[in-house]
Amino acid sequence: MHCYRASVERMATTEKISVAMGRDELRLAKTAADEEGLSLSAYVTRAVRERLEERRRMEAAREVLATFAPDDFPTPQEQRDLVTLWTRTRPTTTRSTKRARPRKHRPRVA
């Protein structure tokens, strides 16, 4: 049985805020959001999440590098290569601007 209260408790909460942005950046962000089939709010939220995730990965990479013994410490080039590898972003998928077709309900097979 599906519990309505459990569903409500798991829903993400949002808060309306005001953000100042340059006109050019706003225009470009609206265009990009539209091209990706997102609202401006969803586009900005995704950008913030991606930036926070990047910061988290950079901090994790620094923590790992700090565990190296002096004799095992990588060269500056190896450090850059490791940080690049560890902070590589995952490809993002874009939503189509077309509306998805409703799924056809198929009878369950026991």
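Here are two short exercises on salt bridges and burial in this structure, with worked solutions.

Before you start: the model is predicted, so local features need pLDDT of at least 70 and side-chain atom pairs pLDDT 80 or more, while totals for chains, interfaces and linings use all residues. Residues are numbered from 1 along each chain as its sequence is written, and side-chain values use heavy atoms, with hydrogens and water left out.

**Exercise 1.** Work out which residues are linked with R46 in a network of salt bridges.

*Solution.*
- Step 1: Grab the cut-off. A salt bridge needs a side-chain nitrogen of Lys or Arg within 4 Å of a carboxyl oxygen of Asp or Glu.
- Step 2: Try E36. Its closest O atom and the closest N atom of R46 are 2.3 Å apart, and the two form a salt bridge. R46 sits in helix 3 and E36 in the loop between helix 2 (23-35) and helix 3, so this pair ties together parts 10 residues apart in sequence. Helices here are DSSP runs (H or I, at least four residues), numbered from the N terminus.
- Step 3: Try E50. E50 and R46 meet in a salt bridge at 3.8 Å, N to O; both lie in helix 3, 4 residues apart, about one turn.
- Step 4: Put it together: E36, R46 and E50 make up the network.

**Exercise 2.** For the salt bridge between E53 and R57, decide how each residue counts: buried, partly exposed or exposed?

*Solution.*
- Step 1: Recall the classes: buried is under 20% relative accessible area, exposed over 50%, partly exposed in between (1.4 Å probe, protein chains only).
- Step 2: E53 has 24% relative accessibility, so it's partly exposed.
- Step 3: R57 has 12%, so R57 is buried.

Conventions. Helix = DSSP H or I, 4+ residues; strand = E, 2+ residues; numbered from the N terminus.
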